[in-house]
Amino acid sequence: GGGARLSPNFEMEAVGAISELAQSLRGCELRRITRSDFETTVRKHLSGSHADQQIAQLWDKVSRSVTARWLIITKAKGLSCAGLCGGRGTIGQGELCSFLLREMQQRESTARAHLTLPLPHLPTFSSMPNTKDTVCAVLGLSTPPQYLTVSKDGSICTWSTRFHLQQSVSIGGGHGSVRGRQGHGMCITSCVMIGGTLVLATTGRDLLFYDTVSLSCLHKFQKLPFVPLCLTYGVEDEKYATSPGHLVWGDESGCVGILSFAEPHKSFFRSRLVTFNGVTDQAPLVRIRYEKAHSDWVCQVGWTGPAHYVISAAQSSSPSLLIQHVSAHRKKYIFKIRMGVSCFDYSHRLEVVATGSLDHIVRLWTPFSPHQPVASLSSHTTGIVGVAIDERSWHLFSLSRDLFLCVWDIREHHLLQTVSVKFPFTQRQPDFGPSPLLTLPLPSPTLNISCNEYMARFTLNEAAGLEGEKVDTGHTHPVCAVFFIPHFDQLVSGCEGGEVRVWDISSRRTCMKVEGCHRDQELTALAVDTEGGRILTGSRFGAIKVWDSLTGQNLQSLETPGATEVVSILHHPEMRRFLATGWNRQISVFEDKKLQLSPEPAWAGGTPHCDDIITMDYCSPYYLATGSFDGLTVVWNTDTERIVAQFRSQLKRRDQILTSATLKSPTSQHPPSATNSLSTSSRPASRRLSSYRLKSASRSHLHHVPVDKLLFLKTRVKSKARGQSTLVTSEGGHAFFWDMFSSGPPLGLCPPYVY
């Protein structure tokens, strides 16, 4: 079976075949079928040819549930697990019915999530009064809650949250005069809100700053080198109203400009008229950065939020999308698409960038991984003019030039709904502003589409958002470990709150959940056997428990010596045993015999670590590495339980690691019955690094940096090539590369990246 996933069509036909097979066994409770009979019957009922690998994987999926059921029954009756072997190779009618019931329940819950359409109702339309020019942007005002629309000829309208027209004015007069196309040909290309100030970009190569209450021009930033086509604004910290901000624009030459305001809540410039060449005289109130970014005109710019990166897009092949830090001292991320990018949207919470292009394709990207898109979504027949991400429901909206709106599921990468938007205008070519798609929060989640002088509003289905939240529910405490089970295409995760979950990757749903694995104790270690049938968890006080990954049944409870924290558990399949280690500085061995774990004698290699072991890794067939808090890394041979190599970097610091007041003995954190001989341990009684407090020590005391994580480069280990790095350790943010077959210094060092 490997990591292959059963296709939905195959599963649907196979479930029908299993249903008929269960019917044939009705009344024959004592009759059981073998694997060969199962595969023959299923293959006979399937239409078309299916790979034997998928049929064999289906048998594994059914028989696994049977194995778990037998194990629970035998343990409940106090029988030995030897009887399990007799039930492994055959399946009865009741077991087939149980499997079918679970499958149907999962299918019903999955289908229920897709019963409701994201856009259940027809749109409502509004139009800009007294103008036939295109809506440039729809902006939100906070006090009072209302919306503001700006057209290209300078018409500004304010609307209630239900889009009832409240006021309509036209900007004109004074230094900030904007005349429409019927005047001097000057029009607005883009606009953005900065608090209570409206910033307009015009074809006269100006940026106009207007007060939204009096509609008077506060500042005019003029004589730009080229016409600004798009605007955006971002603040460094949204929590503070006095935070510095950055006004970003892109122009017709492919350049991106950034005006960084030190005190935007007070004033943007010292004078009313400011020229592009004279803005340097406004320092330190404002700083400017202007440089070439694209080979074609910039069609959209955006702000990434807390990361302080600027995104710009152009309809050029390289760069099509550019992500660069506002300070210009960080790495730039260049995205290349043959026909460029016509529009994009970014979500910091979902960590996704969606782009639309003239090649009719919508692409999803990881923000800082420009080499290949996560998904390419094809359904449109004309170029994409707008995309918008709805974080609430994990939906992506895309609009093409022929006014077809598509709704996509961001997680599943499939099309949910297609709507043809019928605007009231006839015999006119659609014209769009820089951002024709926008999700509005008030009075209810709404999707707004701007085309020519009209706006269409779709009410979003709130049930779809609630269902999306149910699917996205995860742990409520920090996740300490995640494992992948390739044979069943599942993920196992555990959090410090003592909860373990098994996730089905195809449906993104929780298959099994165990809460309070160690009662009120913190879960500190997690492991899965190679077959994926058992999950092992470790606690703060040395307890290890074995769980069935299908049912969540507790199969066994074990203890490690010293009753101290278990930090790592590993499966050693070659010798059929599990290895555990932690703050007791020892390696505990548990023999895996007949699905029962039993402690073995003490590790022959002893305890070379003088401080707590905090990480461990295994490499087949017989290499084990442990790293401790004092910076020592030890490589073992699991066959002989002897040391192969030892490493310790020269990385030190002049600090002492203390708890909140003074070093507390771990004994104070253990249960009353626990015994502890490690009163000199230098680690605090908490796994969370945030609870450490660094205090300056005298220059005579140097401390080795702990080995936080280590990892075998397994392909190189198997080749046993000398002179190559075969083991990587992470120590204080530095990555050290070691040759475990020699005792020399590290072959390489990667320092921490400073953001």
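What share of the 755 residues in the protein chain do buried residues make up? Let me start with that, and please keep in mind throughout that what we are looking at is a predicted model. Buried residues account for 52% of the 755 residues in this chain. The accessible surface of the chain, for its part, comes to about 34,800 Å², and 52% of that surface belongs to carbon and sulfur atoms.

If we turn to the secondary structure, the chain has 7 helices and 55 strands. As for how the chain meets itself, if we take the contacts between residues at least 6 apart in sequence, 50% of them join residues at least 24 apart.

Now I would like to pick out one sheet and go through it slowly. This is an open sheet formed by 5 strands in the order E8-E9-E10-E11-E15, and the pairing within it is mixed. At its edges we find strand E8, residues 188–194, and strand E15, residues 273–275, each of which pairs on one side only. Neighbouring strands of this sheet are turned against each other by 15° on average, with direction ignored. Strand E8 pairs with strand E9, which covers residues 197–202, in the antiparallel sense and over 6 bridges. To put names to one of these bridges, Met-193 has Leu-198 in E9 as its bridge partner.

Let me move on to the aromatic rings, where the count comes to 22 aromatic pairs. One of them is formed by Phe-209 and Phe-268, whose rings are 5.2 Å apart, centre to centre, with 40° between the planes, so that the pair counts as tilted, the class for angles that are neither under 30 degrees nor over 60. This pair links distant parts of the chain, since Phe-209 sits in strand E10, residues 206–211, while Phe-268 lies in the loop between strand E14, residues 255–261, and E15, 59 residues apart. Phe-209 is buried, with a relative accessible area of 0%, and Phe-268, at 5%, counts as buried because the limit is under 20%.

Which arrangement, then, do Phe-261 and Phe-269 show as an aromatic pair? Theirs is edge-to-face, with 5.7 Å from centre to centre and 85° between the planes. Phe-261 has a relative accessibility of 1% and so counts as buried, and Phe-269 is likewise buried, at 2%.

Finally, these residues belong to a wider group, for ring pairs link Phe-209, Phe-221, Trp-249, Phe-261, Phe-268, Phe-269, Phe-276 and Tyr-290 into a cluster.

Note on methods
Residues numbered from 1 in each chain as written. Predicted model: local features only at pLDDT ≥ 70, side-chain atom pairs only at ≥ 80, totals over all residues. Heavy atoms only, no water. Pairing = 2+ DSSP bridges. Helix = DSSP H or I, 4+ residues; strand = E, 2+ residues; numbered from the N terminus. Axes fitted to C-alpha atoms, helices over the stretch in contact; angles between N-to-C directions. Phe/Tyr/Trp six-rings, centres within 6.5 Å; stacked < 30°, edge-to-face > 60°. Buried < 20%, exposed > 50% of the residue type's maximum accessible area, 1.4 Å probe, protein only. Contact = heavy atoms within 4.5 Å. Areas by Shrake-Rupley, 256 points an atom, 1.4 Å probe, with all protein chains shown as cover.
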